[in-house]
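This briefing goes with a sequence and a structure. Please look at both before reading on.

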Amino acid sequence: MIKPSLLIWIPSLVAVLVITIILAAGLGYISISAGEICQILLSQLGLTLPETIDQSYPFVIMDVRLPRILSAVLVGGGLAVSGCVFQSILQNPLADPYTLGISSGAAFGASLAIILLIFGLVLPAALIIPLFAFAGAVATLYVVFTLSSPSARLSSNSLILSGIIVSAILSAGISFIKFLADEQVNAIIFWLMGSFIGKTWSDVLLLIIMTIPCTLLILVHHRELDIMTFGERASDSLGIDTAAVRKRLLVIASLSTAVCVSVSGIIGFVGLIVPHLMRMILGPGNRLLIPCSFLFGCIMLLCADTITRVFLPTELPIGVLTALIGGPIFCYIFRKNQLERWRA
Amino acid sequence: MTENTKGLRAEKIHFSYGDIACLDDLSVELKAGRFYGLIGPNGSGKSTFLDIISGFISPQKGIVYCNGVKLQHYLPAELALILTTVPQSFYLNFDYTVHDVVMMGRHPHIPRFASPKEKDFTCVEEAIELLGISHLATRRVMQLSGGEKQRVMVARALAQDTEMILLDEVTSNLDINHSISIMKTMLRLVKNEGRTVIAALHDLNMAAAFCEDLIVLEQGNIKQFGPVCEVISEGLISQLYGVDTHLTRDPDGKRHIQFIYR
């Protein structure tokens, strides 16, 4: 039996996402109408392009705007789904994909790559920075797991605590690297705040390879995720190998996050707010929550990126924008919800 | 599998937290189809004993057999079709509805890519009805009182439809009427359907009134084990808890424990 809400929510969110992508592709220094965009997209499938359309438009859409738009979409979706997983597994609605220090690890890796480049390492920056960021994120995850694993069960408190400790050390490391970078510190600061400038199809491909399979794997575990919010004893007695499933899902969500972060830099709040908002609207059941969070995460980050790209006089780093817009909205909704609950 | 291997058997169980032995060389055989009460002072090892026989933790020494098969030979999902535990404490951080929570009890019965079937819904409704929480079915669990949450967790275990049910102090948060009602339900499941219930209790009167056999734990080992009327005595309670009591007996043989407060 499929709940009617599943049939309403997912198609509507997909529709909104498609419309947002087309609108966003039309916006920018050169404004292109939605009809023209559809014709350009169809021309990629082999249809002939009408001659009324400017010959530079296909290049603008296909090689400049779409890779950036799709990167933002996939990073938004990936972070939002990881947020769902971290919140369920750590039994804490305030957890997000960065709780275990993955962001700090990636930031440290990226900073290290940037400082090495400054000090004369001759390697392509576009390749070496994401690679270092990803390695940093994975290494951090490994250290956090090792730190909290004597209990063998990876209890949520020991995981969160290990995450905080490792993050703190890495933050100090990042500060030290910034100090070393001296006058060229801007490159590091800019990376840390996240951006989709100059994303290419290879970034999109990498994101597709990671975020989509990870999301599907997570979705397959939707009932386990629901049950694990009740604690280990409860989930063990329902036949879940809690320690194994928890580790498996944390690794999947973390790898997905690590790829997102290494492509875009650190974008906060999406992984916290999107699952939270969706949960307020749809309830906590992960079967509906995971796909809807993915789609809403896509839409939200694309909107944010389009705002910085099109509407602001200078490009504001997207991480700053998501926090500046998302934070207050979140406060308002959270407060409203608390009041309602308090009155009831 | 023969009838007499049904049930749980623990052999020379040893479990310690660091240097402190929690259970020491404990052996016991719990037959299928009976209602066992597990009593003993705080720290006597009741919860650890339940954790071990439910497979949640493994003993450092000794073996537990469930229906004649070593506990560690079961896959978690297989064991969940035979045995369930209602833990003493659980987390509630997300606002599921009561019905959703009880439906989670059907998890071991539902294949990964399937949805709940007719039978699952029937089981859930029966469990909700048995626990007297039908009026709460569409409510959100975080808005419920402690006792109501406790009953939801018991309903979830019943929806799991297992032959053995382990209860860890489930009546501790409940009003007396709900405690009695849960104990009566459990006794009925034992009598009518031949299920096995093992309940850790600290209310001695509750244990004396509903359980058939008592396992008395003291300092990690079994002090006494047998039918309620043979186990409960003024001397035992005084030894265990250092409290004076006065025992009375019903016409039908039930023991009542009166505590003498001095």
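How many bridges join β3(B) to β8(B), and do these strands run parallel or antiparallel? The two strands are joined by 4 bridges and run parallel. The model is a predicted one. The points below start from β8(B) and move outward to the sheets, a loop residue, the core and the contact between the chains.

**Strand β8 of chain B**

- Strand β8(B) covers residues 196-200, and 5 of its 5 residues are buried.
- Both of its faces are covered: Thr196(B), Ile198(B) and Ala200(B) lie on one side, and Val197(B) and Ala199(B) lie on the other.
- Within the pairing of β3(B) with β8(B), Tyr36(B) stands opposite Ile198(B).
- Strand β7(B), residues 164-168, is also joined to β8(B), here by 5 bridges, and this pair runs parallel.
- Ile198(B) in β8(B) is the bridge partner of Leu166(B).

**The sheet of 6 strands**

- These strands belong to an open sheet of chain B with the order β6-β7-β8-β3-β9-β10 and mixed pairing.
- Strands β6 (83-86) and β10 (221-227) of chain B are at the edges, and each has a single partner strand, so one side of each has no neighbour in the sheet.
- On average, neighbouring strands of this sheet are turned by 15° against each other, with direction ignored.
- The edge strand β10(B) is joined to β9(B), residues 213-218, by 6 bridges, and these two run antiparallel.
- Opposite Asp213(B) stands Pro227(B) in β10(B).

**The sheet of 4 strands**

- Chain B also has an open sheet of 4 strands, in the order β2-β1-β4-β5, with antiparallel pairing.
- Its edges are β2 (20-31) and β5 (69-70) of chain B; each has a single partner strand, so one side of each is left without a neighbour in the sheet.
- Helix α1(B), residues 46-53, packs on this sheet and touches β1, β2 and β4 (61-66) of chain B.
- The direction of α1(B) makes about 125° with that of β1(B).
- Strand β1(B), residues 7-17, is joined to β2(B) by 8 bridges, and the two run antiparallel.
- Ile13(B) has Leu26(B) of β2(B) opposite it.

**A residue in a loop: Ala32(B)**

- Ala32(B) is found in the loop between β2 and β3 (35-39) of chain B.
- Is Ala32(B) buried or exposed? Ala32(B) has 17 other C-beta atoms within 10 Å; a residue counts as buried at 20 or more and as exposed at 12 or fewer, so Ala32(B) is partly exposed.
- Leu8(B) is 24 residues from Ala32(B) along the chain, and their C-alpha atoms are separated by 7.5 Å.
- Beyond its neighbours within four places in sequence, Ala32(B) has contacts that include Lys6(B), Glu163(B) and Thr196(B).

**The nonpolar core**

- The largest nonpolar core has 165 residues, and Leu38(B), Val102(B) and Ala155(B) have the most contacts inside it.
- Helix α3(A), residues 57-89, gives the most to this core, with 15 residues.
- Domain 1 (1-82 + 163-232) and domain 2 (91-161) of chain B both give residues to this core, so the core lies between them.
- Leaving aside neighbours within four places in sequence, Ala155(B) is in contact with residues including Val102(B), Ala127(B) and Leu131(B).

**Where chain A meets chain B**

- In this contact, 22 residues of chain A touch 23 residues of chain B.
- Helices α9 (222-228) and α10 (232-237) of chain A each supply at least two residues of the chain A side.
- The largest share of that side, 4 residues, comes from α10(A).
- By class, the chain A side has 9 nonpolar, 8 polar and 5 charged residues.

Conventions: Residues numbered from 1 in each chain as written. Chains lettered and ligands numbered in written order. Predicted model: local features only at pLDDT ≥ 70, side-chain atom pairs only at ≥ 80, totals over all residues. Pairing = 2+ DSSP bridges. Contact = placed C-beta atoms within 7 Å. Axes fitted to C-alpha atoms, helices over the stretch in contact; angles between N-to-C directions. Nonpolar A, V, L, I, M, F, W, Y, C, P; charged D, E, K, R; others polar. Core = buried A, V, L, I, M, F, W, Y, C linked by C-beta atoms within 7 Å. Domains from an automatic or database assignment.
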